[in-house]
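Work through the exercises below with the sequence and the model open. Try each task before reading its solution.

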Amino acid sequence: MKKPKFVIDQMCGRLAKWLRLMGYDAAYFRKIEDVELVNIARRENRVILTRDTGLIKRSPIANGSVKVLLVDSEKLDKQLKQLVKYFNLKCNNDLKRCVECNSELEKISKSEAKDKVPLYVYETQKILSRCTSCGRHYWRGTHWENIRSKFEEICYK
Ligand SMILES: [Zn+2]
């Protein structure tokens with residue numbers, strides 16, 4: 001199965017960050033009309049993730065031309081567990097997607113990273129990536145342990 005792509009309604013914003021950390025394409029807009037959300041989903045072949053039962057009554061969704069998943073819980077962990085199970089998502093972060101803007105990351109060499117990241121990062125990290133759109137740099141820093149334990153929690157328990 002092809003990797004699913006998502007568009008996330010404003011009620012589930014934190015989901016976007018975690019899906020991106022897992023390497024999935026997760027579009028999110030702080031403020032968006034239902035019509036626009038549906039249009040994006042249809043145009044870009046994305047599954048809508050929402051907690052809005054009103055939204056799923058809209059015609060392109062009701063007739064099946066746009067896919068939607070109703071998110072059960074308000075709690076992030078439960079939301080992620082639901083998605084992992086439903087879409088059979090993989091919880092591995094290989095620094096593929098920008099958490100901030102959802103664009104793809106590219107690996108960069110140590111010499112390219114020099115002067116762009118803090119010195120201790122340059123000296124200690126083997127893998128460095130850069131967002132192809134906003135230019136933000138990524139590496140597996142001290143926060144990485146927290147991310148990994150969260151992945152274990154949601155994916156393997
Ligand atoms: Zn970015």
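Two strands pair if DSSP finds at least two bridges between them. Helices (H or I, at least four residues) and strands (E, at least two) are DSSP runs, numbered from the N terminus. The model is a predicted one: local features need pLDDT of at least 70, side-chain atom pairs count only at pLDDT 80 or more, and totals for chains, interfaces and linings use all residues. Residues are numbered from 1 along each chain as its sequence is written.

**Exercise 1. Take stock of the chain.**

Task: State how many helices and strands the chain has, and in what pattern they follow along the sequence.

Solution. Step one: the chain has seven helices and seven strands. Step two: read along the sequence, they follow the pattern β-α-β-α-β-α-β-α-β-α-α-β-β-α. Step three: the C-alpha trace spans about 55 × 35 × 30 Å along its principal axes. Step four: of the 157 residues in the chain, 25% are buried. A residue is buried if 20 or more other C-beta atoms lie within 10 Å of its own, exposed if 12 or fewer, and partly exposed in between, with C-beta atoms placed from the backbone.

**Exercise 2. Describe the parallel sheet.**

Task: Give the order of the four strands in the open sheet with parallel pairing, and find its edge strands.

Solution. Step one: the order is 2-1-3-4. Step two: strand 2 (26–28) and strand 4 (68–70) are the edge strands, and each pairs on one side only. Step three: direction ignored, neighbouring strands of this sheet are turned by 25° against each other on average. Step four: strand 1 and strand 3 pair in the parallel sense over three bridges, and Ile8 has Leu49 as its bridge partner in strand 3. Step five: Leu49 stands opposite Leu69 in strand 4. Step six: strand 3 (residues 47–50) and strand 4 also pair in the parallel sense over three bridges, with Val68 in strand 4 as the bridge partner of Ile48.

Task: Which strands does helix 2 lie across?

Solution. Helix 2 (residues 34–44) lies across strand 1 (6–8), strand 2 and strand 3. Helix 2 runs at about 170° to strand 1. Axes are lines fitted to C-alpha atoms, for helices over the stretch in contact, and angles run from 0 to 180 degrees between N-to-C directions.

**Exercise 3. Describe the antiparallel sheet.**

Task: Give the strand order of the open sheet with antiparallel pairing, and explain why one side of each edge strand has no neighbour in the sheet.

Solution. Step one: three strands form this sheet in the order 5-6-7. Step two: strand 5 (105–108) and strand 7 (137–138) stand at the edges; each has a single partner strand, so one side of each is left without a neighbour in the sheet. Step three: strand 5 pairs with strand 6 (residues 128–131) in the antiparallel sense over four bridges. Step four: the bridge partner of Ile108 in strand 6 is Leu128.

**Exercise 4. Examine helix 1 and the loop after it.**

Task: Which residues of helix 1 are buried, and what covers them?

Solution. Step one: in helix 1 (residues 13–21), the buried residues are Leu15, Ala16, Trp18, Leu19 and Arg20. Step two: their cover includes strand 1, strand 2, strand 3 and helix 4. Step three: Leu19 is buried, with 28 other C-beta atoms within 10 Å. Step four: leaving aside neighbours within four places in sequence, Leu19 is in contact with Phe6, Tyr24 and Ala26. Two residues are in contact if their C-beta atoms, placed from the backbone, lie within 7 Å.

Task: Is Met22 buried or exposed?

Solution. Met22 lies in the loop between helix 1 and strand 2. Met22 has 23 C-beta neighbours inside 10 Å and therefore counts as buried. Not counting residues up to four places away in sequence, Met22 touches Leu89, Cys91 and Asn93.

**Exercise 5. Analyse a helix pair.**

Task: At roughly what angle do the axes of helix 4 and helix 7 cross?

Solution. Step one: the axes of helix 4 (residues 76–87) and helix 7 (residues 144–156) come within 8 Å and cross at roughly 55°. Step two: that makes helix 4 oblique to helix 7. Angles under 35 degrees count as roughly parallel, over 145 as roughly antiparallel, 65 to 115 as roughly perpendicular and the rest as oblique. Step three: Asp77, Leu80, Lys81 and Val84 in helix 4 meet Glu153, Ile154 and Cys155 in helix 7.
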